[in-house]
Amino acid sequence: MKFQTNRFRALAAAMLCFSAVTATAQTYPDRPITMMMPYAPGGPGDTITRVFAGAMQKQLGQQIVVDNTAGASGSIGTAKVARAKPDGYTLLMIHVSHATNTAMYKNLSYHPVDDFDPIGRATNGPMVIVTRNDFPAKDLNEFVSYLKANGPKISLAHAGVGSASHLCGLMMMSALNVKLNEIPYKGTGPALTDLMGGQVDVLCDQTSGTVPPVKAGKIKAYAAAGKSRLSGLPDVPAITEAGVQGLDINISFGLYAPKGVPKPVMDQLTLALQKSVADPDVRQRLDSMGISAVNPDQARPEALRAHLKYEIDTLGSLLTKAGVKAN
Ligand code: MLT
């Protein structure tokens, strides 16, 4: 008899849980959603996040509020999402630092895979090496020579150890065999402000924030950080044109939720992301910044899970080999 009672209780509990999840999915979303962008306002991450927050709130019919809890290369904001209730009302938009921070920070309070559920990939985008406007090099070859001759006297801004701008800076220093004086910021938005003010010398950043001030003559671009020139800056050479190898970086943003969000809610979020990457307005806005929205088949959990594994296996180990540690 006792066994029957226990089985009945277990069945009743399971049915209650199922009906609670179903009810949640049927009413989701019934209040504003927070989308974490763990870098400062004004940078490429913030720009991309706001494009998707705007597009996805149209799809979901609910306001999406961007939270820029920044610091420690995005790991502070990311930790906040890892601790959030897995109910679909707290999301994380992040890129390569979700992979690299594990290698960078010994006391990270989360694991990038175990503590998050991937929703899907969002964008891909190149990077460009820019300087203050009065940087004393007339072209890419002179820029390379000047860095090699003056390394430690030159300041390199980035968004924190393990960030995309830091990774690009590391690859550039390794490729040129120079050591620059690293200046970390909470995002490349504030870094760009100091670059335009002449307080720092060099920055490698994504194109969404750099192409407009280059075109406005506020900063100088010396090279695309890869093998190809940039659509938005066709006159700027690729770094490989100066014979520099080992600097080829592309930054991909993806959307995550804390581990444990009910599958029906995750399915709604994935569908909203897929419709957003397919949205002509989203594609045109990103394209105008030199960034590509992924195709809908990439805006899915398995694609983001595979990409994160690739970045952990490649870029995380690159930093470890370089002996880079944040704390
Ligand atoms: C970086 O990794 O450099 C960040 O994306 C910069 C930012 O978005 O502010």
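Contact, as the word is used in these legends, means heavy atoms within 4.5 Å. This is a predicted model, in which local features need pLDDT of at least 70 and side-chain atom pairs count only at pLDDT 80 or more, while totals for chains, interfaces and linings use all residues. Residues are numbered from 1 along each chain as its sequence is written, and side-chain values use heavy atoms, with hydrogens and water left out.

**View 1. The whole chain, with its 11 helices and 10 strands.** The radius of gyration of the chain, taken over C-alpha atoms, is 22 Å, close to the 20 Å that the globule rule gives for 327 residues, so the chain is as compact as a globular protein of that length. That rule is 2.2 Å times the number of residues to the power 0.38. Helices (H or I, at least four residues) and strands (E, at least two) are DSSP runs, numbered from the N terminus. The C-alpha trace spans about 85 × 40 × 30 Å along its principal axes. Of the contacts in the chain with a separation of 6 or more, 78% are between residues 24 or more positions apart. Buried residues, meaning those under 20% relative accessible area (exposed is over 50%, partly exposed in between, with a 1.4 Å probe and protein chains only), make up 54% of the 327 residues.

**View 2. Helices α3 and α4 and their buried residues.** In helix α4 (residues 97-104), 7 of the 8 residues are buried, so this helix is largely enclosed by the rest of the structure. Those buried residues are Ser97, His98, Ala99, Thr100, Asn101, Ala103 and Met104. In α3, the buried residues are Ser75, Gly77, Thr78, Ala79 and Val81, and they pack against α4 as well as against the strands β1, β3 (90-94), β4 (116-132) and β9 (250-258).

**View 3. The disulfide between Cys168 and Cys204.** A search of the whole structure finds 1 disulfide, a term that stands for a pair of cysteine sulfur atoms within 2.5 Å. The sulfur atoms of Cys168 and Cys204 are 1.9 Å apart. Cys168 lies in helix α6 and Cys204 in strand β7 (residues 202-206), so the pair ties together parts that are 36 residues apart in sequence. The torsion about the S-S bond is about 65 degrees, so the disulfide is right-handed. Cys168 counts as buried at 0% relative accessibility, and Cys204 likewise counts as buried at 0%.

**View 4. Ser73 and Asn177, two loop residues with positive phi.** Most residues other than glycine have a negative phi, and most peptide bonds are trans. Ser73, although not a glycine, has a positive phi of about 55 degrees, and its place is in the loop between β2 (64-67) and α3 (75-82). Asn177, also not a glycine, has a positive phi of about 55 degrees and is placed in the loop between α6 (164-176) and β6 (181-184). Ser73 counts as buried at 2% relative accessibility, whereas Asn177, at 70%, counts as exposed.

**View 5. The cis peptide bond from Tyr28 to Pro29.** The omega of this bond is near -10 degrees, and Pro29 is found in the loop between α1 (2-27) and β1 (33-36).
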